[in-house]
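Me: Could you take a close look at just one part of this with me: the strands, and what sits around them? I'm new to this, so please go slowly and tell me which residues I should click on.

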Amino acid sequence: MDKESSIQEVLPEGLKVELMPKHLAVILDGNRRWAKEKGLAVELGHKEGKRVMMELALLSSKWGIKVLSLFAFSTENWTRPKVIKYNVRLSFIGDRSKLPESLIELINSAEERTRSNKGLHVIVALNYSGRFDIMQATKSIASKVKDGILQMEDINETLFDEQLQTNCTKFPVPDLLIRTSGEQRISNFMLWQLAYTELFFSKKNFPDFEEQDFVEALVSFQQRDRRFGGNAYS
């Protein structure tokens, strides 16, 4: 049995392996709200959110998703041996210049230890903004033009894509973005990369986002007619 067939066997009813998103982005929202609505400490909301995120990552890996990008999430949970044993590759994007040196060392170590892993590629956006990413890509290109490495005529969308921080993955453009807690905006996340991404907004706070909600988002995605600015998706 080939890999696609084995994935199709474990997929929930209504999902097709050939239509699964290669890159899934998630804005995790509502941990604090969940805790406050239940009269609990905010820390418990984040703890429950971490549990749900780990389950989402495991399902993504099991169902054939290649890349999972997470916006605004704790680094701690992704640098533990428990994650690494699942053959997960970790990458971190964002402005590291303002992070504590101890955290930078932890991030660098996690990236290096998982670099050769072939499973789900988890990209954690830490101190990240879409505007920052576009700005750093622009500065990188401008510097290369100044040094004579590039000519003005060399600058195109493909080159710009290569300068963005999501160049760490084979599939840098999210096919689907999920945001929880009822908010319907992208909040400065991957502004360039999300140009033709399908969006799914869930009213549930993230700690209440269950497997059936994930399936609902994926079914919705697979039923859409993706055109990429006029070019039909196949």
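Reply: Before we click on anything, one term: two residues are in contact, or touch, when they have heavy atoms within 4.5 Å of each other. Also keep in mind that you're looking at a predicted model.

Let's start with Ser 69, which is in strand S2. Leave out the residues up to four places away in sequence, and Ser 69 touches His 23, Leu 24, Ala 25, Val 26, Ile 123, Phe 189 and Met 190. With His 23 there is also a polar contact, side chain to side chain, at 2.7 Å. Is Ser 69 buried or exposed? It's buried, with a relative accessible area of 0%. Here's another pair to click on: Ser 69 and Gln 193 are 124 residues apart along the chain, yet 12 Å separates their C-alpha atoms.

Now zoom out to the sheet. Strands of a sheet pair through backbone hydrogen bonds, and they can do that in a parallel or an antiparallel way. Here six strands make an open sheet with parallel pairing, and walking across the sheet you meet them in the order S3-S4-S2-S1-S5-S6. S3 (89-93) and S6 (198-201) are at the edges with a single partner strand each, so each has one side with no neighbour in the sheet. From one strand to the next, the twist averages 20°.

Let's begin at the S3 edge. Four of the five residues of S3 are buried, so the rest of the structure largely encloses this strand. The partner of S3 is S4, and five bridges hold this parallel pair together. One spot to look at is Phe 92, which sits opposite Val 124 in S4. To get from S3 to S4, the chain goes through helix H5 (residues 101-114), and this β-α-β crossover is left-handed.

One step further in, S4 (residues 121-125) is joined to S2 (residues 67-71), again by five bridges and again in parallel. Here you can click on Val 67, which has His 121 of S4 opposite. Those two residues have a visitor from elsewhere: Thr 169 is in contact with Val 67, His 121 and Ile 123, if you leave aside its neighbours within four places in sequence. Where does Thr 169 sit? It belongs to the loop between helix H7 (157-163) and S5. Thr 169 counts as buried because its relative accessible area is 9%, and the cut-off for buried is under 20%. A polar atom of the Thr 169 side chain is 3.3 Å from the backbone nitrogen of Phe 171.

Next, hop over to the S6 edge. S6 pairs with S5 in the parallel sense over four bridges, and Leu 176 has Glu 198 of S6 as its bridge partner. In a regular strand, side chains alternate between the two faces of the sheet. You can follow that idea along S6: Glu 198 and Phe 200 make up the covered face, while Leu 199 and Phe 201 make up the uncovered one.

What lies across this end of the sheet? Helix H8 (residues 211-222) does, crossing S1 (23-27), S5 (176-179) and S6, at about 145° to S5. The buried residues of H8 pack against S1, helix H3 (42-62), S5 and S6; among them are Phe 214, Leu 218 and Phe 221. An α-helix has 3.6 residues a turn, so residues three or four places apart point the same way.

Last stop: the loop between S5 and S6. Thr 197 is in this loop, and its side chain reaches the backbone oxygen of Pro 174 at 2.6 Å. Contacts of Thr 197 beyond four places in sequence include Val 173, Asp 175 and Arg 226. Most residues other than glycine have a negative phi. Ser 181 is a non-glycine with a positive phi, near 80°, and it lies in this loop. Met 190, also in the loop, isn't a glycine either, and its phi is about 50°. Ser 181 is buried at 6% relative accessible area, and Met 190 is buried at 0%. And that takes us back to the start, as Met 190 is one of the residues that Ser 69 touches.

Note on methods
Residues numbered from 1 in each chain as written. Predicted model: local features only at pLDDT ≥ 70, side-chain atom pairs only at ≥ 80, totals over all residues. Heavy atoms only, no water. Pairing = 2+ DSSP bridges. Helix = DSSP H or I, 4+ residues; strand = E, 2+ residues; numbered from the N terminus. Axes fitted to C-alpha atoms, helices over the stretch in contact; angles between N-to-C directions. Buried < 20%, exposed > 50% of the residue type's maximum accessible area, 1.4 Å probe, protein only. Polar contact = N/O pair within 3.5 Å; in protein donor to acceptor, adjacent residues only side chain to side chain. Right-handed = clockwise from strand over helix to strand, strands pointing away.
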